[in-house]
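Please look over the structure below. A short report on its cores, a pocket and some single residues follows.

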Amino acid sequence: MIGALRRLGVRLALPGALRRPGVRLALLGAGAYLVFLVANLPAAWLGLALERTSGGALALGDPRGTVWSGSGVLALRSGSAYRGIVDLEWRCNPLWVLAGRLNVALSGAGREARLRAKVSLGAGKAAVNDLEANVPAAIAETALAAAAFAKPDGQLRVKADSLEWGAASVRGAATVEWTDAGLGGMQAPRLGDYQLQIAASGDRADLRLATLRGDLRLTAGGEWR
């Protein structure tokens, strides 16, 4: 565009102040400083975003590093306090922001939990790839009112090769296993191991529940829209 205007004889002129070497040098320095600030955003900002988006159910304790590469303790709200679940690490190349996407690699381990995943965030959609998580079943209490009453025990194992969702659709498949299942709120004995398979396509998802082990045999199927 600029070359075409020059061929037509149109002269482009900067405002007088911008033609001064000192002013241009100051603008260059301000731009470099802005890039430095963005590249070194503290990890605590990520913790604030996590608490806000989860409605206070999750928090990031002892954040270290930056938003782009750092570590902290992923904590779950339990009553009026938080309980640490996993020592979390994350890595993200900030240059992906220029392409309108944010790709984050997550990994972590703790006494009761393990986590590994690749998360991709873009305009109006998000995706999770290579997800493997092993967390206490009590984490469900923060998401479901019925779970808060039943107080589930045991471990939840979640695996998904690829899940992608947007404003009105979800695509992909995931498997959730509840092992050594129990309901502490009902003072019931251990129930066994159960598996839920989820296959989502567009605005619908097929659900399949099966019993892997235990006296309480459960088998069910359904569809969620």
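Which residues lie nearest the centre of the second largest pocket?

## The second largest pocket

This is a predicted model. Leu163, Val170, Ile198, Ala200 and Ala205 lie nearest the centre of the second largest pocket. They belong to a lining of 13 residues. The pocket's volume is about 290 Å³.

Strands β7, β8 (170-183), β9 and β10 (204-213) each give two or more residues to this lining. The largest share, four residues, is from β8. By class, eleven lining residues are nonpolar, one is polar and one is charged.

## Nonpolar cores

The largest nonpolar core has 18 residues. Trp90, Leu115, Val128, Leu131 and Ala160 touch the most other members. Four strands each supply at least two residues of this core: β3 (81-92), β5 (114-122), β6 (125-136) and β7 (152-165). Another core lies apart from it and has eight residues, including Ile85, Val86, Val135 and Leu156.

What does Val128 contact, leaving aside its neighbours within four places in sequence? Its partners are Ala117, Lys118 and Val119, together with Asp161, Ser162, Leu163 and Trp165.

## A buried aspartate in β9

Asp193 sits in strand β9, which covers residues 192-202. Is Asp193 buried or exposed? Its relative accessibility is 15%, so Asp193 counts as buried; the cut-off for buried is under 20%.

Residues up to four places away in sequence are not counted among its contacts here. Asp193 touches Trp178, Thr179 and Asp180. It also touches Thr211, Leu212 and Arg213.

## The β10–β11 hairpin

How many bridges join β10 to β11? There are five, and the two strands run antiparallel. Strand β11 spans residues 220-224. One bridge pairs Asp206 with Glu223 of β11.

The two strands form a hairpin with six residues between them. Gly214, in the turn, has a positive phi of about 130°.

## A buried glycine in α3

Gly47 lies in helix α3, residues 44-53. Why does Gly47 count as buried? Its relative accessibility is 5%, and buried means under 20%.

Gly47 and Gly61 are 14 residues apart along the chain. Their C-alpha atoms are separated by 7.5 Å.

How values were computed: Residues numbered from 1 in each chain as written. Predicted model: local features only at pLDDT ≥ 70, side-chain atom pairs only at ≥ 80, totals over all residues. Heavy atoms only, no water. Core = buried A, V, L, I, M, F, W, Y, C linked by side-chain atoms within 4.5 Å. Buried < 20%, exposed > 50% of the residue type's maximum accessible area, 1.4 Å probe, protein only. Contact = heavy atoms within 4.5 Å. 1 Å grid on protein atoms, 1.4 Å probe; cavity = no way out; pocket = protein on both sides within 12 Å on 5 of 7 lines; lining within 4 Å. Points joined across faces, edges and corners; volume = space filled by probe spheres on them. Nonpolar A, V, L, I, M, F, W, Y, C, P; charged D, E, K, R; others polar. Pairing = 2+ DSSP bridges.
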